[in-house]
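Work through the exercises below with the sequence and the model side by side. Each task is followed by a solution that goes step by step.

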Amino acid sequence: MTEMSAHWPALPYEGWRDTCATLHAHTQVLGKLAAALAPPEPQLQHAALRLTARGWETPPLPAPDRSGALVVALDLHTHDAVAEHSDGRTRRAPLAPDRPVAHVTRELLTAVGDLVGPVHIDPRPQETPWTTPLDEDFDHVNYDPASVTTYFAAATQAALLLAAVRAPYRGRSSPVNAWWGTFDLAVSLFSGQRVDPPSNDFIMRNSANAEQIEIGWWPGDARYPRPAFFAFAFPAPEGFDQAKLAPSEARWDTELGEYILDWDDVRATSDPKLTVLNFGLSAIRHACAICGWDPALAASAEGVPPPLT
């Protein structure tokens with residue numbers, strides 16, 4: 001394997017779709033713990049996870065027994081679900097082929113209870129095509145460690161580039177969030193203006209209540225079975241879908257309602273990093289212009305003024 005292919009590996013969705021669904025289900029448990037324990041933040045930012053050098057994990061969460069902090073993670077090197085207390089105590093539940101989500105969920109919640117006392121979550125999955133409660137889910141059992149390792153290499157590269165896209169922006173922005181509902185990585189840039197949410201659904205009324213631009217990456221799903229970077233604005237005015245973003249391979253997907261840049265198109269370029277940065281910047285430039293954002297915010301995304309002098 002060349003250095004380029006190791007950093008930008010092929011990730012054909014059909015080759016790991018069952019493992020992808022299982023990994024997605026495991027992230028739901030972490031997300032529900034974050035949502036239950038973290039202090040609430042605007043746009044549900046407190047419920048987001050992070051992609052770290054270890055894998056998917058929560059930020060430090062306040063222990064309900066007030067004994068310190070709790071971090072819960074999916075270690076994608078050792079292939080374990082991990083619960084860690086700030087006093088150094090650790091519990092692990094293995095992620096393994098033919099080990100159902102139900103077993104891992106129950107073991108992980110028991111581990112969390114041992115460390116910080118009982119934490120109650122709603123085990124019903126959110127934003128997924130399946131509805132079986134996580135602690136009763138014996139359908140998702142496929143877990144191929146090699147496929148997860150490949151995914152993690154691709155996701156890590158994507159996360160680093162998303163962080164670089166948002167870095168110079170001087171308005172409010174999110175870190176690179178790992179969203180366990182949609183199983184994607186994304187950064188959000190905000191204009192500072194409130195908007196009316198499109199519905200009274202819990203997620204919509206609490207996340208879609210501010211003007212925002214989102215740039216992200218996901219490994220594919222049944223609707224769009226290949227990994228890709230994406231970009232959209234909310235609310236998007238008429239004509240938002242008419243731009244020609246960089247590079248030329250970027251396109252508007254009507255079904256998804258997003259601009260798309262396929263992972264394989266990025267991998268095929270001589271400079272994947274520059275390709276992704278240009279995609280993100282062109283999406284931000286277009287969104288700021290057509291949505292009527294403060295020109296100074298748009299300029300800051302391009303490094304004007306520079307972040308450091």
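A residue is called buried under 20% relative accessible area, exposed over 50% and partly exposed in between, with a 1.4 Å probe and protein chains only. The model is predicted, so that local features need pLDDT of at least 70 and side-chain atom pairs count only at pLDDT 80 or more, while totals for chains, interfaces and linings use all residues. Residues are numbered from 1 along each chain as its sequence is written, and side-chain values use heavy atoms, with hydrogens and water left out.

**Exercise 1. Aromatic pairs**

Determine how many aromatic pairs a search of the whole structure finds, and describe the pair of Trp56 and Phe183.

Step 1. Rings of Phe, Tyr and Trp (for Trp, its six-membered ring) pair if their centres lie within 6.5 Å; planes under 30 degrees apart count as stacked, over 60 as edge-to-face and the rest as tilted. The search of the whole structure gives 13 aromatic pairs.

Step 2. Trp56 and Phe183 are stacked, at 5.2 Å centre to centre and with 15° between the planes. Helices (H or I, at least four residues) and strands (E, at least two) are DSSP runs numbered from the N terminus. Because Trp56 lies in strand 2 (residues 55-57) and Phe183 in the loop between strand 7 (177-179) and strand 8 (184-194), the pair ties together parts that are 127 residues apart in sequence.

Step 3. Trp56 is buried, with a relative accessible area of 0%, and Phe183 is buried too, with 3%.

Step 4. Phe229 and Trp263 form a tilted pair, 6.1 Å centre to centre and with 35° between the planes. Phe229 belongs to strand 10 (residues 228-234) and Trp263 to helix 6 (residues 263-267), so that distant parts of the chain, 34 residues apart, are linked by this pair. Phe229 is buried at 0% relative accessible area, and Trp263 counts as buried at 0% as well.

Step 5. Ring pairs link Trp8, Trp16, Trp56, Tyr151, Phe183, Trp217, Phe229 and Trp263 into a cluster.

**Exercise 2. Cysteines**

Explain why Cys288 and its closest cysteine sulfur do not form a bond.

Step 1. A disulfide is a covalent bond between the sulfur atoms of two cysteines. The criterion applied here is a pair of cysteine sulfur atoms within 2.5 Å.

Step 2. The closest cysteine sulfur to that of Cys288 is in Cys291, and because 7.7 Å separates them, they are too far apart for a bond. By this rule the count of disulfides is zero.

Step 3. Both residues can also be classed by accessibility: Cys288 counts as buried at 2%, and Cys291 counts as buried at 18%.

**Exercise 3. Gln43 and Thr105**

Place Gln43 and Thr105 in the secondary structure and list their contacts beyond neighbours within four places in sequence.

Step 1. Gln43 lies in the loop between helix 2 (17-37) and strand 1 (50-51), and is buried, with a relative accessible area of 8%.

Step 2. With contact meaning heavy atoms within 4.5 Å, and neighbours within four places in sequence left aside, Gln43 touches Arg172, Trp179, Phe190, Asn206, Ser207, Asn209, Ala210 and Gln212.

Step 3. Thr105 lies in helix 3 (residues 101-116) and counts as buried at 1% relative accessibility. Leaving aside neighbours within four places in sequence, Thr105 is in contact with Val29, Leu134 and Asp135.
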